[in-house]
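Student: Could you take me on a close look at one part of this model? I'd like one connected walk-through, starting from the charged contacts and moving on to the helices they tie together.

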Amino acid sequence: MASTDFTLLFFSLSLLPLLTTAATAATGGGDVRGPFVGLVIGEDVSGFLPPADLARFLVSQRINRIRLYNPDASLLAALNGTGVSVLLGVPNSLLLAFASSPASASTWISRLVLPFHPAVTISGLAVGDDFSPSVSLSLLLPALQSLSSAISSVRPPIPISTPLPFSLIIDPFPPSQAFFNQTLTPNFFLPLLNFLSSTNSPLMLNVYPYYSFMRSRGVIPLDSALFKPLPPSKEEVDPNTLLHYTNLYDAMIDAARFALRNLNFSHIPILVTETGWPSAGDARTEPFATKDNADTYNSNLIKHVLIDRAGTPLVPEETPSAYIYELFDEDRRPGPESERHWGLFHGNGTPVYLLHVEGSGGFLANDSTNRTFCVAAEGADRRDLQAALDWSCGPGKANCSEIQPGEDCYDPNNVRSHASYAFDSYYQKEGKAVGSCYFQGVAMLTTTDPSHGDCIFPGSKQIRNITKSGGNETQSSSAEEICSWWRLSRRIRAGDCKGSTVSSMIIMLVAAFSFSFTCS
C-alpha cells in the first residue's frame, strides 16, 4: 500500500472501463497481459460495500480489472459471471503458514481459487502485502513455492509473484546505473528472479512518482512526475545510454529493467501493482497532494498506458500494465493525511474527482469542461430503478416534466430511460453534490451526453446555456398539478385511486403539458 517510507483504483467508471486489454505484449503469464489499467481495492473504508453491492458497482462502472489485498470467497462468488478479472493478494499474515506447510497453501487455493477460476478469472497471485526483509527473506520464497505447487495443475495457468517497493532499487537516476539492493541479491533477488523466470511470472513493482518527486526536494520537475510536457532542457538524458526521459514514471520503469538486466533477467516483464497520486494531504507538509494533481497524474497514466502505448525509452515495444492505487479513499488508514486520500471514489461510490481521458476507446471521454450526467447504471434491476424513479420525481423534487406522455423525453417509454432523465435532473438540481448520483447503487456518472433527438438532458451544455426567466404563478400552479399527477400515478399502480380522481388528474395534466416545472 502507499506509505511514506516508499514501500509501498471518478467516478462512475462508466467513467473508466479500466481494464480493456489492448495488446498482446506480455507482462506475465496467464491472464496478466497488457497493456491494461486496473484498480486496487483496499478495505480500510467506512461503510465498505457488501460483496454483492461491490460487484454491482464494479459492473455498473465497467471496471473489469481489480487487485484485492485480502480476498474473501463471498466477493469472488459475487463476481462470478461479471467478467471482472482479479489479482488475488496473499497477506503477510499467511506467509508463515504457507512457508511451513504446503498443505495450508493447498487449502487456501482450494477455498479461494479452485471454486471460481476460470469463471472468475484469477489473473495472478500477489504474495505479501508489505515487504519486510526480516519476514520476506525467510518466509516469502517458501510461501511462493508452496502456492506455486498448489496451483500447478490449474488451467489456464496462474502467474504468481510478490509486489516489491521501488525503494529496493538503488541509484535509480539515471536509470542505466540502477541495481537491486546488493545485500538482498544473493539470498533474495536471485532465487526470486529464478522462480519468476521458471513460472513465467512478472516482476511486480509498486511505482510511485509522487514519493520520488517529494523526496527530490525540487530536483525532479513536478511536470515530469505528472506526465506533463517538458521543454527539452528539462528532459532527463541518461548519460550512459543517451535515452531521453520525458516523465518520471518511465524512468522508474527503466531503472527496474536495468536492475533486471544487471542480473541477466531482462526477459522478465514488469507489472506495476500500485501507482497513483493522493488528492489531499497536509497543507504544510504535503502541498502537492491535491485533486488537480491526482486528476492529472491518473488521467495521464491511463492515456500513457492505454492510448499512447509507447512503452519506455529503453523498451518502446512493451508497455507495462498498471493498477491504480486505489478505488476508494481509505478514510480509516493511519498515518499522514494523504494516506486517506488516494481513491478515485468515496466509500459511498461517488467520485472524489473526475478524470480527464479522451480517445481511450473503452474509456469515457471526459472533456475539460467537467460536464457530468447521472444516468441509470447498466445491469440495474428494473424494480430498483422504478423505486428510485418514483423517489426522484416525488420526494426528490426532480423535474420530470419532460418524461411525461407527449413530451420530448417520453420515448423510449421504459423505466431505464425515464430513470436516467430523472436521475440527471436530481443530480443537476443538487449541484452535483457528493452522493447525489447513487440511488442505492442503481445510478452512475458519465461524461457522455445522454441527450438524444429532441430530448435534451438537464446536464447538457445546450440546456445549461438556456436561461429561462419570467416564471409566473400559472406555471407554478401547473407544475404542482403535474407533480400531483406523478404522485397519483404511484397510487394508481398500487390500485388505490378511483376512476373519477384519475379523470380529473388527466384533465389537469393535459392543461399543464406546455409548462416546465420542478416538483415540490
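How many salt bridges does a search of the whole structure find? And could you then zoom in on the one that involves aspartate 384?

Tutor: Bear in mind that this is a predicted model. The search of the whole structure turns up nine salt bridges. Yours pairs aspartate 384 with arginine 56, and their closest N and O atoms are 3.5 Å apart. That falls inside the 4 Å cut-off for a salt bridge. The pair reaches across distant parts of the chain: aspartate 384 belongs to helix α11, arginine 56 to helix α1 (residues 51-60), and 328 residues separate the two. Both ends are partly exposed, because aspartate 384 has 34% relative accessibility and arginine 56 has a relative accessible area of 30%.

Let's follow the arginine end first. In α1, the residues Leu54, Ala55, Phe57, Leu58 and Ser60 are buried. Arginine 56, partly exposed, therefore sits in the sequence between the buried Ala55 and Phe57. The cover over the buried residues of α1 includes strands β1 (37-41), β2 (65-68) and β15 (443-446), along with helix α2 (73-78). Just after α1, arginine 62 adopts a positive phi of about 60 degrees.

One of those covering elements, β1, is worth a quick detour. Glycine 38 lies in strand β1, and it counts as buried because its relative accessible area is 0%. Its C-alpha atom is 8.9 Å from that of tyrosine 325, although the two residues are 287 apart along the chain.

Now back to the aspartate end. Helix α11 (residues 382-393) packs against helix α12 (residues 415-429): their axes come within 9 Å and cross at roughly 40 degrees. The two helices are therefore oblique to each other; anything under 35 degrees would have counted as roughly parallel. As for handedness, α11 passes α12 in a left-handed crossing. On the α11 side, the contact uses Arg382, Leu385, Gln386, Ala388, Leu389, Trp391, Ser392 and Cys393. On the α12 side, Val415, Arg416, His418, Ala419, Ala422, Phe423 and Tyr426 take part. By type, the contact residues come out as ten nonpolar, three polar and two charged. If you look at the spacing in that list, it helps to recall that an α-helix has 3.6 residues a turn, so residues three or four places apart point the same way.

At the far end of α12 there's another salt bridge, where the side chains of lysine 429 and glutamate 430 meet at 2.6 Å, N to O. Lysine 429 counts as partly exposed because its relative accessibility is 37%, and glutamate 430 does too, at 33%.

For a contrast with these partly exposed pairs, take arginine 333 and glutamate 339, whose closest N and O atoms are 2.7 Å apart in their salt bridge. Here both partners are buried: arginine 333 because it has just 11% relative accessibility, and glutamate 339 because it has 2%. Finally, if you're after something beyond simple pairs, Asp254, Arg257 and Glu318 are linked in a network of salt bridges.

Terms used: Residues are numbered from 1 along each chain as its sequence is written. This is a predicted model: local features need pLDDT of at least 70, side-chain atom pairs count only at pLDDT 80 or more; totals for chains, interfaces and linings use all residues. Side-chain values use heavy atoms; hydrogens and water are left out. Axes are lines fitted to C-alpha atoms, for helices over the stretch in contact, and angles run from 0 to 180 degrees between N-to-C directions. Helices (H or I, at least four residues) and strands (E, at least two) are DSSP runs, numbered from the N terminus. Angles under 35 degrees count as roughly parallel, over 145 as roughly antiparallel, 65 to 115 as roughly perpendicular and the rest as oblique. A crossing is left-handed if the near helix is turned anticlockwise from the far one by less than a right angle, and right-handed if clockwise. Contact means heavy atoms within 4.5 Å. Ala, Val, Leu, Ile, Met, Phe, Trp, Tyr, Cys and Pro count as nonpolar, Asp, Glu, Lys and Arg as charged, and the others, Gly among them, as polar. Buried means under 20% relative accessible area, exposed over 50%, partly exposed in between (1.4 Å probe, protein chains only).
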